[in-house]
Amino acid sequence: WQCTASLVRLVCLARAGGPTRAELLHAVKALLSSLTAAHGEDNYASTGLREHASIVQLQLKRICGYVVAELVRCQWTLQPSARQEEDAALLKAIFVLTDAAQWKAAAGVPAASKVCSELVGALVVPQQRGRARTRGTSALSKVRNEDGLFESLRQVLCPTNDFKGAKGTAQAPLLWTLAIRPLTAGFPAGDARQVWVAYRFAREILSIPAVFSEIPDVLRQAVLHQSVWPRVVFSLGTAAQIHPQAFACTPSSLPLPTTASTSASCSGESWLAEERVLDVMCNLVEMTHKTPVAGLQLLYLSALQRLVEALPTGALSLAANKAKIKLLAPLQSPSHVQWLLCGLGGEATPANAAAVDPSKRPGSSQEGGGPLKTQKYSDWTCVYREVRAKRNTAGKPQFTEGVMYLCTVYGLLLRVWPAGNIQMLNAMSFDSPVHVALWAWLRASGLLQEYVDTGIEQQVVGGVVFLFCRCYLHRMMVTDDTEFYDQQIPFPLPHLVDMALMLRQYVNRRFWAGEIEGGSVAA
């Protein structure tokens, strides 16, 4: 303990300019030897955590910062060099120092886990105090230290036209482990750093093109775990604004980046560069579709709305983006749309329905369940029967936020993604009862009637009526007389009379009552 502690203090605290590479490597090897081997009760980890926890934490923070700076300078060991073995030792050091399970003498000790969480937080969460910039002339190594671990890892994980990234290299598993580990760091419940880590992950790692195909197979489940992926979606779904307001600075108190003050006080670099928006959106859709967690729909739709609104003009029409746009295929998938409807009150058949006793089936499965059970208008009328009584915290009828997000997202996509219109409308009109659910909610909530009578709630009603009309029009184009009059699918005839009257009154007020606003005619 005394030898190791003295050396680390010498290297990390006594030298104003930081250690030389030889000193750093010497300290790293001493630490790894102490942490990964059992040396009795007087080893560095045991003695330090028992008697000098704050000093250990400070020492390891400093040495991790120096190691990351050195790894950035040598391009995270991806480039061949005469010191490849030394570089690999530095990379292993970050892997060990941020994972208490690797500390043989202190594995399982709560204090060790806490120190590792603090190390991860210090590497990822942006700090107010700037640090010295790293040396190096290569484009890969020009990374700003103050941006943290994710930003520097992105430089070597992100494929470009002239760089294939880390995929297939010997270091790839370790690099991806370090990119994913901060998401699983054991921060205390309610710690704002959890949100900031998820934000930085979304900004830097989730913006890597087709990132799911880049992540090694063995690590994919770690990202999509039900305790991890929802936090990433939450970080996007609760963002005050993704573009162009900046989230590049962090107040010392680390408030959640959802407050208006945080957004207003930050300036300079935008939180998410315009050229990254499409990549984040594609990865969000693809990875959420692979893990459709029940209850995540509202945040997912909220994140999608912000991303769609931030898309550069024509991004979904450019031939250069064709490969990326293929990852948005789940938005045209009936199963994905039905999962979204489950978040609006719909009921899904449990995925293992055939093997489960009907009397013991849960209301919804952990992973979204099977096909949608609520297909008929009568089913949705029952679902929304009490939405006016069960109002949300803003005093709006139940499901107002979810319905608005769904209609805004798909309404925007129908306008900016012409090539995907037919497939989206097919999924919503034929394979999923979106139009049925929307009309049932409009009638049960009373918002359409309120708008017709008083002109209020136009902001909510407009988007819902637009998507309802698009979907029902698409359905009616192939509806024959037998379905319409005899089977009365999807709506009973008496409800069609009511629908025609309500929509006519809506159109009268919207377009001929002097309330036309910019953009409403197109809607």
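**Thr 77**

I started with Thr 77 in this predicted model, and asked whether Thr 77 is buried or exposed. Its relative accessible area is 1%, so Thr 77 is buried. I found Thr 77 in the loop between helix 4 (53-73) and helix 5 (84-97). Then I looked up its backbone: phi is near 70 degrees, which is a positive value in a residue other than glycine.

**The loop between helix 24 and helix 25**

I went looking for another positive phi and landed on Gln 488, where phi is near 55 degrees. Gln 488 isn't glycine either. Gln 488 sits in the loop between helix 24 and helix 25. How much of Gln 488 is accessible? I got a relative accessible area of 28%; buried would need under 20% and exposed over 50%, so Gln 488 goes down as partly exposed.

Pro 490 is in the loop between helix 24 (481-487) and helix 25 too. I checked the peptide bond joining Ile 489 and Pro 490, and that bond is cis, with omega about 5 degrees.

**The whole chain**

Next I stepped back to the protein chain. How many helices and strands does the chain have? I wrote down 25 helices and zero strands. The chain has 523 residues, and 51% of them count as buried. I also looked at contacts with a separation of 6 or more: 71% of these are between residues 24 or more positions apart.

**Helix 9**

I picked helix 9 (residues 192-205) for a length check. Its 14 residues, at 1.5 Å a residue, should span 20 Å. The end C-alpha atoms are 20 Å apart, so the expected span agrees with the model. I looked at burial as well: 13 of the 14 residues of helix 9 are buried, and I noted the helix as mostly covered.

**Gln 297 and Cys 342**

Where is Gln 297? I found it in helix 15 (residues 297-310). Gln 297 has a relative accessible area of 5%, so it counts as buried. Leaving out residues up to four places away in sequence, Gln 297 touches Trp 339, Leu 340, Cys 342 and Gly 343.

I followed one of those partners. Cys 342 belongs to helix 17 (residues 334-342). With the same sequence neighbours left out, Cys 342 touches Gln 297, Glu 347, Ala 348 and Leu 372. I checked how far Leu 372 is from Cys 342: they are 30 residues apart in sequence, and their C-alpha atoms are 7.5 Å apart in space.

**Helix packing**

My reminder to myself: two packed helices are described by the angle between their axes and the distance between the axes. I looked up three pairs with that in mind.

*Helix 19 and helix 20.* The axes of helix 19 (residues 400-416) and helix 20 (residues 421-429) come within 9 Å and cross at roughly 150 degrees. Over 145 degrees counts as roughly antiparallel, so that is what I call helix 19 and helix 20. Helix 19 brings Tyr 410, Leu 413 and Leu 414 to the contact, and helix 20 brings Asn 421, Met 424, Leu 425 and Met 428. By class I have six nonpolar residues, one polar and no charged.

*Helix 22 and helix 25.* What angle do helix 22 (residues 447-454) and helix 25 make? Their axes cross at roughly 45 degrees and come within 9 Å. Helix 22 and helix 25 are therefore oblique to each other. I noted the crossing as left-handed. On the helix 22 side I listed Leu 448, Gln 449, Tyr 451, Val 452, Asp 453 and Thr 454; they meet Met 502, Gln 505, Tyr 506, Arg 509 and Arg 510 of helix 25. This contact has five nonpolar, three polar and three charged residues.

*Helix 23 and helix 25.* Helix 23 (residues 458-476) packs with helix 25 (residues 493-512) at an angle of about 130 degrees, and the axes are 12 Å apart. That makes helix 23 oblique to helix 25. I have this crossing as left-handed. The residues of helix 23 in the contact include Val 461, Phe 468 and Tyr 472, and those of helix 25 include Leu 496, Leu 503 and Tyr 506. By class, the contact has nine nonpolar, two polar and one charged residues.

Last note: Tyr 506 and Arg 510 of helix 25 turned up in my list for helix 22 and again in my list for helix 23.

Key. Residues are numbered from 1 along each chain as its sequence is written. This is a predicted model: local features need pLDDT of at least 70, side-chain atom pairs count only at pLDDT 80 or more; totals for chains, interfaces and linings use all residues. Side-chain values use heavy atoms; hydrogens and water are left out. Axes are lines fitted to C-alpha atoms, for helices over the stretch in contact, and angles run from 0 to 180 degrees between N-to-C directions. Helices (H or I, at least four residues) and strands (E, at least two) are DSSP runs, numbered from the N terminus. Angles under 35 degrees count as roughly parallel, over 145 as roughly antiparallel, 65 to 115 as roughly perpendicular and the rest as oblique. A crossing is left-handed if the near helix is turned anticlockwise from the far one by less than a right angle, and right-handed if clockwise. Contact means heavy atoms within 4.5 Å. Ala, Val, Leu, Ile, Met, Phe, Trp, Tyr, Cys and Pro count as nonpolar, Asp, Glu, Lys and Arg as charged, and the others, Gly among them, as polar. The expected span of a helix is 1.5 Å times one less than its number of residues. Buried means under 20% relative accessible area, exposed over 50%, partly exposed in between (1.4 Å probe, protein chains only).
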